[in-house]
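Student: Could we go through the cavities and pockets here, and then the ligand?
Tutor: Certainly; let us begin with the enclosed space.

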Amino acid sequence: MEGLALRLFKKSPVKEVAFTQKIKQLFNSPPNKNNWDGLIHAYKPWLPVTKKTPIITLKEGGTPLIEVKSISDRIGKGVRVYVKYDGLNPTGSFKDRGMTMAISKAKEDGCEAVICASTGNTSASAAAYASKGGMRAFVIIPDGYVAQGKLAQALVYGAEVLAIKGNFDKALDIVRELSNKYPITLVNSVNPYRLQGQKTAAFEIIENLGNAPDWLCIPMGNAGNISAYWMGFQEFFKAKKSKQLPRMMGFQASGSAPLVEGKSISNPETIATAIRIGNPVNKEKALIARESSKGNFSSVTDTEIINAYKILGREEGIFCEPASAASVAGLLKKKEDVPKNSTIVCVLTGNGLKDPDCAIENNDSVFHKSVDPEISSITKVMGF
Ligand SMILES: *Cc1c(COP(=O)(O)O)cnc(C)c1O
């Protein structure tokens, strides 16, 4: 580069130095990454914040949109499939997008403690942002149904964790009542600031693609995220930042599919614990998103979820948690309905590292145990 600069600016040493520096800057700093200050900074005009709002951030958002050819190839018809890899947020799930808003607003209101019910990721995120904001966090989880990584996070981030003998829906009833009676802020997705923060993922997708996709495939638990995406897509469409709105395609696990079956499920069951929810709090909003986007809700079995989970890992190098794989499993299930040459985004809501037990039990790799530490034994196992 310096040689090129020299040849171009032989006569002017001053320009030469400036030019070399410029080129060095261009090559050393990939756009965005170095000056990304979190989603509130990036999208301030679109969010309910003022100059007085203390911004509590771990630099969430700005996650990659990755093309996944192995999925496009399985669908054919010239379709392009991308994943929005939100498992790369600071605590490993999209919950951070909502939590930076909820905790910043709680701080602005002088709140000193927050509470949530959680299938795991909300508690990890609430615990992290509360600690960053100097608040206490209480989290109520269903005993035995939270993935190890998520529990580990909540404990390390310093939350007070209460495991109850009951499911998520029961835990949510309890925290709603507590937050009504005591001076403690509820940070579940009934908190409206959560959805405000989460809608920014739709903004990022539009900025990456230059338009909204034709379909957005997304897993649904409490259905806050699908509602938030729909809000984001509509806002950018109205502002003429996209030429179209996507169809909102929501997917639930078949043992836990209240929005597909049209009724609450009292004992939801699925390997995808993050979406093991029988009575979604954002049901009304999600139904509106489906209606107004001409979308569709369907269910996928645990077997289909694990199949998609394995494809993403083995063929794309992307490790997501089982709940996230529901979006890809759903797309594969609906492949007959996919329009020719369409662009599709599947949301990968959480990181695979959160649920190591699921990973160890569900993969097609060969794990040779107790191999002798001898070259001859190793080469024999390797097939040489
Ligand atoms: C919370 C969560 C979901 C479900 O999101 P909702 O807004 O409750 O529908 C899906 N996947 C992961 C990994 C989650 O943490």
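**Cavities, ligand and pocket**

Tutor: In this predicted model, the count of cavities of 30 Å³ or more comes to one.

Student: How much space lies in the largest cavity?

Tutor: The largest cavity holds about 290 Å³ of space. It is lined by 25 residues, and those closest to its centre are F94, K95, G221, N222 and A274.

Student: Which helices each supply at least two residues of that lining?

Tutor: Helix 6 (121-132), helix 9 (192-198) and helix 11 (224-238) each do so.

Student: And the lining by class, what does it look like?

Tutor: The lining of the largest cavity has twelve polar, ten nonpolar and three charged residues.

Student: What takes up the space of the largest cavity?

Tutor: The ligand does: the space it takes is the largest cavity.

Student: Which residues come nearest to the ligand?

Tutor: There are 15 residues around the ligand, and K95, N121, N222, A223 and T349 come nearest. By class, this shell comprises seven polar, six nonpolar and two charged residues.

Student: What about K95, how far is its polar side-chain atom from the ligand oxygen?

Tutor: A polar side-chain atom of K95 lies 2.6 Å from an oxygen atom of the ligand.

Student: Which backbone atoms should I look at, then?

Tutor: A polar backbone atom of A223 is 2.8 Å from an oxygen atom of the ligand. For N225, a polar backbone atom is likewise 2.8 Å from a ligand oxygen atom.

Student: How much of the ligand's exposed area does the protein bury?

Tutor: Taken alone, the ligand exposes 380 Å², and the protein buries 97% of that area.

Student: Changing topic: what is the volume of the second largest pocket?

Tutor: The second largest pocket has a volume of about 190 Å³. Its lining consists of Y309, K310, G313, R314, F319, A359, N362, N363, D364 and S365.

Student: Which helix gives the largest share of that lining?

Tutor: Helix 14 (residues 302-316) gives the largest share, with four residues.

Student: And how does the lining of this pocket divide by class?

Tutor: The lining of the second largest pocket has four polar, three nonpolar and three charged residues.

Key:
Residues numbered from 1 in each chain as written. Predicted model: local features only at pLDDT ≥ 70, side-chain atom pairs only at ≥ 80, totals over all residues. Heavy atoms only, no water. Near = heavy atom within 4 Å. Polar contact = N/O pair within 3.5 Å; in protein donor to acceptor, adjacent residues only side chain to side chain. Areas by Shrake-Rupley, 256 points an atom, 1.4 Å probe, with all protein chains shown as cover. 1 Å grid on protein atoms, 1.4 Å probe; cavity = no way out; pocket = protein on both sides within 12 Å on 5 of 7 lines; lining within 4 Å. Sits in = over half its atoms within 2 Å of the grid points. Nonpolar A, V, L, I, M, F, W, Y, C, P; charged D, E, K, R; others polar. Points joined across faces, edges and corners; volume = space filled by probe spheres on them.
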